[in-house]
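New to this one? Take a look at the sequence and the model first, and then we'll walk through a few of its parts.

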Amino acid sequence: MTRSALAVALSLLCTLPAPALAHKVIASVFPSGSAIEGELGFSNGDMAAGQEVLVLGPDGGELGRVTTDADGFFLFTPTEPVAHRFRADLGAGHVADVTMQAAEVAHLLGLAPGASTPDAPPPGDSGTPGALSSAQQAEIATLLRDELRPLRREIAAYREKNDLQSILGGIGYIFGLFGLSFYIAARRRLKKDS
Amino acid sequence: MHIVDGALSNPVVIGGAMMAVAGIGMGLRRLDLERIPAAGVLSASFFVASLIHVPIGPSSVHLILNGLAGLVLGWAAFPALFVGLLLQAVFFGFGGLTVLGINTLNIALPAVLAWLLVGPMIPRGSPLAGAIWGGLGGALAIAGTTAMVALSLALSGDEFLPAARLVFVAHVPIMIIEGLLTGFAVLLARKVKPDLFTLSRGIPA
């Protein structure tokens, strides 16, 4: 009995810390067919699985709730062409907050002129989209999305990468700032001495 | 460890900022000429430490090093850590600008408390004894920071105990690592530059 309790406590210990250890939340939303697809995770590569995401309208009213899948993805089908705000509390001070603008949602719902799935090739580029049936178009769009997803994730990860320049830049600022305060303190002391 | 923009309620953010300003003012008054270089180096170490990831199990944690800054600088840890946090927010997007005050308070206040508690023990006795006290101070500062983070979340509406437990448990490994690191840093400093820790005692707290 106590042993099983201990095992439960230990497994809790192992599973609980994961989200709290990471330090930066990554959240993004993008159009996906007629739905809004989003991604939720941490900058160290952990994705937020089974996380509830609150969907809010521009007036702060709740439009719905979605839950992320095992890879941190969620799908929300909008019904109104208003700005959609996605908010998730990942615990321990980690809050994700992303908004998709009204124009983009309207485009998604097919309300804007010339609406097609944004991921599909723009019409006129190849001259053939008119010849494709809508089922084919949808299939191409899905294929493209699947192909682009790893790329998108890679770009998101790349954006989070801290390169040497910014590290050195930050250290430079620190030394400059403390050098300046050193100068001021030294001047003050010289004035006092003279 | 870094609370992000929008996670806390406004009174907590404003209160934290005011207390941080008071702490920074206190620190700046005690930041005399002799201690400015040490403050700069510790500020830079704190800035970079957050990029050093220690893999633990499936995840990783990053160093904080606030205990070491507190033990060497005393109250002057406030301005030093504030500068580090500001640049982390600007360059890396850790935390945020509106929560800068509360983050400074959460990280610097435990560092000062660790200095008040174990600081007097460090220059005394053998270097090894000093190092053990230093390690204790390093771990204590992290524990204090987790409690402060949990408290800020609790004041913003989270339940205190679950939040505190979550943050505390998550940081047990980093407490051990920082304790060891701070201990070794103190050991080295006691051997090569023993006056580093008596310097911050120049003005009685």
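Here is a short tour of a sheet, a helix and a nonpolar core.

Keep in mind that this is a predicted model.

Let's start with the sheet in chain A. Three of the chain's strands line up in the order 1-2-5 to make an open sheet, with antiparallel pairing. Strand 1 and strand 5 of chain A each have a single partner strand, so they sit at the edges with one side lacking a neighbour in the sheet. Ignoring direction, neighbouring strands here are turned by 20° against each other on average. Strand 2 of chain A is joined to strand 5 of chain A by four bridges. Pick out A:E37 and you'll find its bridge partner in strand 5, A:L75.

These are the residue ranges to look for:

| Strand (chain A) | Residues |
|---|---|
| Strand 1 | 25–32 |
| Strand 2 | 35–42 |
| Strand 5 | 73–76 |

Now over to chain B and its helix 4, residues 77–92. From first C-alpha to last, helix 4 of chain B reaches 21 Å, close to the 22 Å expected at 1.5 Å a residue. Helix 4 is mostly covered, too, with 14 of its 16 residues buried. Just after helix 4 of chain B comes B:G93, which takes a positive phi of about 75°.

Finally, the core. In soluble globular proteins, nonpolar side chains tend to be buried together. The largest nonpolar core in this model has 89 residues. B:A69, B:A77, B:L81 and B:A111 have the most contacts inside that core. Leaving aside residues up to four places away in sequence, B:A69 touches B:L42, B:F46, B:A77, B:A80, B:L81 and B:A111.

Technical notes:
Residues numbered from 1 in each chain as written. Chains lettered and ligands numbered in written order. Predicted model: local features only at pLDDT ≥ 70, side-chain atom pairs only at ≥ 80, totals over all residues. Pairing = 2+ DSSP bridges. Helix = DSSP H or I, 4+ residues; strand = E, 2+ residues; numbered from the N terminus. Axes fitted to C-alpha atoms, helices over the stretch in contact; angles between N-to-C directions. Expected span 1.5 Å × (residues − 1). Buried ≥ 20, exposed ≤ 12 C-beta atoms within 10 Å, placed from the backbone. Core = buried A, V, L, I, M, F, W, Y, C linked by C-beta atoms within 7 Å. Contact = placed C-beta atoms within 7 Å.
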